[in-house]
Amino acid sequence: MEDVIFKVEDIVQAPLPGYVAPTAVSFSPDDSLITYLFSPEGNLNRRVYAFDVNKGESSLVFSPPDGGVDESNISPEEKLRRERLRERGLGVTRYEWVKTNLKIKFIVVPLPAGVYMKDLCSSPNPELIVPSSPTSPIIDPRLSPNGLLLAYVKDSELHVLNLLKNQTQQLTNGANGSTLTHGLAEYIAQEEMDRRNGYWWSLDSKFIAYTEVDSSQIPLFRIMHQGKSSVGADAQEDHAYPFAGALNSTVRLGVVSSSGGGKTTWMDLVCGGRANNENEYLGRVNWMPGNVLTVQVLNRSQRKLKIMTFDVKTGQGKIFLTEESDTWVTLHDCFTPLESGGFIWASERTGFRHLYLYNSDGTCLGGVTSGEWMVEQIAGVNESMSLVYFTATLDGPLETHLYCTKLEAKDASRSLRLTHGKGKHIVVLDHQMKNFVDVHDSVDSPPRVTLCSLSDGTVLKILYEQTSPLPLVKQLQLEAPEFVQIQANDGKTTLYGAVYKPDSAKFGPPPYKTMINVYGGPSVQLVQDSWINTVDMRTQYLRSRGVLVFKLDNRGTARRGLKFESWIKHSCGNVDAEDQVTGAKWLIHHGLAKPDHIGVYGWSYGGYLSATLLAKYPEIFRCAVSGAPVTSWDGYDTFYTEKYMDLPDDERYVKSAVMEHVGKLREEQKLMLVHGMMDENVHFRHTGRLVNALVEAGKRYELLIFPDERHMPRKVKDRVYMEQRIWEFIDKSL
């Protein structure tokens, strides 16, 4: 058989092979239609399709009149929002069902030209209901629960459009667009807290709670656009970036009537700024029945979370529930108010996140789930049947499944698994709690979308499946990794790894030259039974060139429970690096990796760990590719850094900095640094400071910079160039 050349261009293809499957799945209010985003051409340009449950057929229901989202037609604000979301999709990127009644079928779709409304039953053409412009974009438009109003942020103020009367009202005043905004989530909330929103509809649609963010006390960090031919205001941008140990934005929470004309009632709560450290971060906001506003507030150390309830008429609040931890309390979205009164809460008090039932006064009635595994999300609650549906790691941390259990406080209740087939399941439940959509993939199968019964998981209809094997997978000879388990050096912790071996028919038996792909930081898991690991194209490219690739999730990474994750506390660059070294030694011991021919590569935290491993363990690692690395924790943000490393402390911060270890680098070791100069998350100064230390120590390095890119290169040409240079570096250095 003729050898097929795996080209560098194949690494950067988007979407990845197999990832053309439907996304953003949603049920119509009456559950008769299942809508989703899809590109029949197999590119990133998606449109809205609807699957008719009775007929078993799909059809196109919304195509963007203006072509939709394109990297060239979106506002600077939207570009930064896409950075926070790591969003690469084009065309339509989100839509929402109008839930006025079950008979009419309308969706709203936000696009660069504005917000469109489309009648799925009769009208062939969508209607532009709120126009947008690049200088005054419509941000975060969302419908009220009753479907009659549309709220959005424009010019940093909250507005509401009455869909019946076609009247718009501005609900807030006083923002200046730069240091004072209304209805928008601050940078830290978007980047680190998984809170994308700055306003919340009440359940009866009569009120909106919103944030006022004042960043005037944060010194601006200026990023110059070094690749531009012009200078001045167009060639620079300023960010209110809160560095570790410094002030955060001041965040207030107000409530305003959605009918307009009324004054804002401010809740008796000020987070961040120069306020006390007890109320530092506004984590989550939820409305409960009866228009009770609940707010989750973290203290500065993140060891204490309070749930407070507020009277929206007076603004007075009281503490409802307190969650404390010796390490940190992780924010989540499992707080679920119940119509019968009370709520479901998730806690990691046992070392694993589990569900607990509370009554309406905040008294814990007991655990709903328990065991040495973790609940990830609540997928739905059927109160009449007293059932709760949730996704969890009950069948192992490499998988994600949907389970159902009785909604009652008894610690030993058994959970029923509803998803079939190993791997990862993303689920969406219908409104009537009868069926669910299952998006299922594994290392052996690309995403497949089915409609299943919520009683036992039986497949009712297939919405989308792909031919197996995919032509490109066969052509490029992509192979799924082999999962392995190894022991950490504490003698009792199991670590999961993934091995990608080159084709022995081409490259002979092991040992092989080896590259270890690391991330290693908190809240991320690389080793999982998901198709994403089979179409990791850089890894597969290296395999095709005779290089063995290894991934290992060290202590401190995600989905293993708080005890496993909390190893990283005060230990960034230590325990994570130790485990990666254990992995490298395991590869050598098993005759898979050639000693003295092991390299490491990673991005962001993985870039930090790559550079750290090269410098701290010169006897193990020969080369490293370090992408957008955090090189010193005093240069990263408050929330993330202090959660794991506490407030800046000379000894702890210095020891964990890459610069502290560069003196140990040997002549034969090679380091490549890759960074976008417009990176507003991990600033280019991290690389600049490391370069200074390398020059001071007389150590060699290679530098690959992208003047017009941010945290990850987006332009195809830039990405192809980067992959070419990375491969050339690995080829000559390994």
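## A question to start with

Is E642 buried or exposed? With a relative accessible area of 2%, E642 is buried, because buried means under 20% relative accessible area. Keep in mind as you look around that this is a predicted model.

## Salt bridges that link distant parts

E642 has a charged partner: its side chain forms a salt bridge with R300, and the closest N and O atoms are 2.7 Å apart. R300 sits in the loop between β22 (292-298) and β23 (304-311), while E642 belongs to helix α11 (residues 638-645), so this pair ties together parts that are 342 residues apart in sequence. R300 is buried too, as its relative accessible area is 9%.

Try finding another pair, R538 and E723, whose side chains meet in a salt bridge at 2.9 Å from N to O. R538 is in helix α7 (residues 537-544) and E723 is in helix α14 (residues 716-733), so the salt bridge ties together parts 185 residues apart in sequence. E723 counts as buried because its relative accessible area is 7%. Salt bridges can also share partners: E237, E680 and R710 are joined into one network this way.

A further example is the pair R47 and E41, with side chains that meet at 2.6 Å, N to O. Here the two partners have different surroundings: R47 counts as buried at 17% relative accessibility, whereas E41 counts as exposed at 51%. In the whole structure, a search finds 33 salt bridges.

## The annotated domain

Which residues does UniProt list for "domain: Peptidase S9 prolyl oligopeptidase catalytic"? The unreviewed entry gives residues 535-733. Over that stretch the chain is 43% helix and 17% strand, and the C-alpha atoms at its two ends are 25 Å apart.

## Helix α9 and its cover

Helix α9 (residues 575-589) is a good place to practise a simple check. The expected span is 1.5 Å times one less than the number of residues, so the 15 residues of α9 should span 21 Å, and the end C-alpha atoms are indeed 21 Å apart.

How many of the 15 residues of α9 are buried? Eleven of them are, so the helix is mostly covered. Among the buried residues are V575, D576, W586 and L587. What covers the buried residues includes the strands β37 (482-487), β38 (494-500), β39 (512-518), β40 (548-553) and β41 (593-603), along with helix α10 (605-616). Just after α9 comes G591, which takes a positive phi of about 70°.

## A nonpolar patch on the surface

For a contrast with the buried residues, look at V695, Y701, L703 and I705. Together they form a nonpolar patch on the surface, with about 310 Å² of accessible area. V695 is located in helix α13 (residues 685-697). At 54% relative accessibility, V695 counts as exposed, because exposed means over 50%.

## Unusual backbone spots

Most residues other than glycine have a negative phi, and most peptide bonds are trans. With that in mind, here are some exceptions to look for.

Where is the peptide bond cis, with omega near -5°? It runs from A14 to P15, and P15 is found in the loop between α1 (8-11) and β1 (23-27). Another cis peptide bond joins P510 and P511, with omega about 10°. P511 lies in the loop between α5 (504-507) and β39.

D140 is not a glycine, yet it has a positive phi of about 50°. This residue is part of strand β10 (residues 139-143), and D140 is buried, with a relative accessible area of 8%. D596 also has a positive phi, near 70°, without being a glycine. The place of D596 is in strand β41, one of the elements that cover the buried residues of α9.

## One last stop in a loop

D361 lies in the loop between β27 (354-358) and β28 (364-367). With a relative accessible area of 51%, D361 is exposed. How far apart are D361 and L321 in sequence and in space? They are 40 residues apart in sequence, and their C-alpha atoms are 9.1 Å apart in space.

Definitions and conventions
Residues numbered from 1 in each chain as written. Predicted model: local features only at pLDDT ≥ 70, side-chain atom pairs only at ≥ 80, totals over all residues. Heavy atoms only, no water. UniProt positions renumbered as here; feature names shortened; annotations may be inferred. Helix = DSSP H or I, 4+ residues; strand = E, 2+ residues; numbered from the N terminus. Patch = residues over 30% accessible without salt bridge, like charges linked within 9 Å, V, L, I, M, F, W, Y side chains within 5 Å. Areas by Shrake-Rupley, 256 points an atom, 1.4 Å probe, with all protein chains shown as cover. Salt bridge = Lys/Arg side-chain N within 4 Å of Asp/Glu carboxyl O. Buried < 20%, exposed > 50% of the residue type's maximum accessible area, 1.4 Å probe, protein only. Contact = heavy atoms within 4.5 Å.
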